[in-house]
Amino acid sequence: MILLWLPFLVLVFDRITKMAVISRMVEGESIPVINGIFHLTYVLNPGAAFGMLPHSRTFFLGIGLAAVVAIWWLRAEILSEGWMIRTGTALFLGGTLGNLWDRAQTGLVIDFFDFRVWPVFNVADIAICAGAGLILWGMMNNGYWENDRRR
């Protein structure tokens with residue numbers, strides 16, 4: 001069940017925050033929240049994390065859709081795992097859907113969290129990173145990479 005409600009919540013929160021940015025800011029505008037440390041900066045990202053592979057819309061749509069299909073295909077196995085892997089997968093799925101929405105609409109991902117020492121990012125990016133981290137942590141705790149231990 002977590003593979004349904006948590007991705008939906010992430011997607012809704014991602015869309016609400018992006019729509020708030022679009023409706024109140026112009027592209028390139030930066031509003032200091034904590035001056036010099038944290039700003040809300042509206043940027044349209046044509047690439048992946050850190051702006052890698054800009055203007056590769058078809059590629060990123062394909063990767064995103066492949067991830068969604070793989071999660072759907074493996075849902076029974078994912079749901080039989082511990083809470084970290086289930087929750088991580090749900091967060092990852094929600095974030096993927098959030099950024100897929102942007103890419104499908106315009107080919108550009110709406111980013112706005114700006115800590116000045118890191119590329120600008122969004123709620124979907126947070127969910128993807130947190131989800132991947134939980135999946136890896138869950139796999140390490142379950143001994144996935146140890147030859148002599150079974151799950």
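For sorting residues by class, Ala, Val, Leu, Ile, Met, Phe, Trp, Tyr, Cys and Pro count as nonpolar, Asp, Glu, Lys and Arg as charged, and the others, Gly among them, as polar. With that in hand, the lining of the largest pocket in this predicted model splits into 18 nonpolar, seven polar and three charged residues.

The pocket itself holds about 650 Å³ of space. Its lining is made of 28 residues, and Ala 48, Ala 49, Asn 99, Asp 125 and Ile 128 sit closest to the centre. Five elements chip in with two or more residues each: β2 (38–45), α2 (57–73), α4, β3 (109–114) and α5. Helix α4 gives the most, with six residues.

To place these pieces, it helps to step back to the whole chain. The protein has five helices and three strands, which come in the order α-β-β-α-α-α-β-α along the sequence. Its C-alpha atoms fill a box of roughly 55 × 30 × 30 Å along the principal axes.

Next come the helix pairs, beginning with α4 and α5. Helix α4 covers residues 83–105, and its axis runs 7 Å from that of α5, at an angle of about 155°. Since angles over 145 degrees count as roughly antiparallel, α4 is therefore roughly antiparallel to α5. The crossing here is left-handed. On the α4 side, the residues in contact include Trp 83, Met 84, Phe 92, Gly 95, Gly 98 and Asn 99. Across from them, α5 brings in Asp 125, Ile 128, Gly 131, Leu 134, Trp 137 and Asn 141, among others. By class, the contact of α4 with α5 comes to 13 nonpolar, ten polar and one charged residues. Some names are familiar from the largest pocket: Asn 99, Asp 125 and Ile 128 are among the residues closest to its centre, and they also take part in the contact between α4 and α5.

Helix α4 has another partner in α2. These two helices pack at an angle of about 150°, with 10 Å between their axes, and their crossing is left-handed. From α2, the contact draws on Arg 57, Phe 60, Leu 61, Gly 64, Leu 65, Ala 67, Val 68 and Ile 71. The α4 residues that meet them include Thr 89, Phe 92, Leu 93, Thr 96 and Arg 103. Sorted by class, the contact of α2 with α4 holds eleven nonpolar, four polar and two charged residues. Phe 92 of α4 thus shows up in the contact with α2 and in the contact with α5.

Helix α5 (residues 123–141) also packs against α1 (residues 2–24), at about 150° and with the axes 8 Å apart. That angle makes α1 roughly antiparallel to α5. In α1, Val 10, Phe 13, Asp 14, Thr 17 and Lys 18 do the touching, and they meet Val 123, Ala 124 and Ala 127 in α5. The residues of this contact divide into five nonpolar, one polar and two charged. Ala 124 and Ala 127 turn up again in the contact of α5 with α4.

What volume does the second largest pocket have? It comes to about 180 Å³. Met 1, Ile 2, Leu 3, Leu 4, Val 68, Ile 71, Trp 72, Arg 75, Leu 79 and Leu 93 line this second pocket, with α1, α2 and α3 (75–79) each supplying at least two of them. The lining includes nine nonpolar residues, no polar ones and one charged residue. Val 68, Ile 71 and Leu 93 from this lining are also part of the contact between α2 and α4.

Notes:
Residues are numbered from 1 along each chain as its sequence is written. This is a predicted model: local features need pLDDT of at least 70, side-chain atom pairs count only at pLDDT 80 or more; totals for chains, interfaces and linings use all residues. Side-chain values use heavy atoms; hydrogens and water are left out. Axes are lines fitted to C-alpha atoms, for helices over the stretch in contact, and angles run from 0 to 180 degrees between N-to-C directions. Helices (H or I, at least four residues) and strands (E, at least two) are DSSP runs, numbered from the N terminus. Angles under 35 degrees count as roughly parallel, over 145 as roughly antiparallel, 65 to 115 as roughly perpendicular and the rest as oblique. Contact means heavy atoms within 4.5 Å. A crossing is left-handed if the near helix is turned anticlockwise from the far one by less than a right angle, and right-handed if clockwise. On a 1 Å grid over the protein atoms alone, a cavity is a set of points where a 1.4 Å probe fits but cannot get out, and a pocket is an open set with protein on both sides within 12 Å along at least five of seven lines; lining residues have an atom within 4 Å of a point. Grid points are joined across faces, edges and corners, and a volume is the space filled by probe spheres set on the points.
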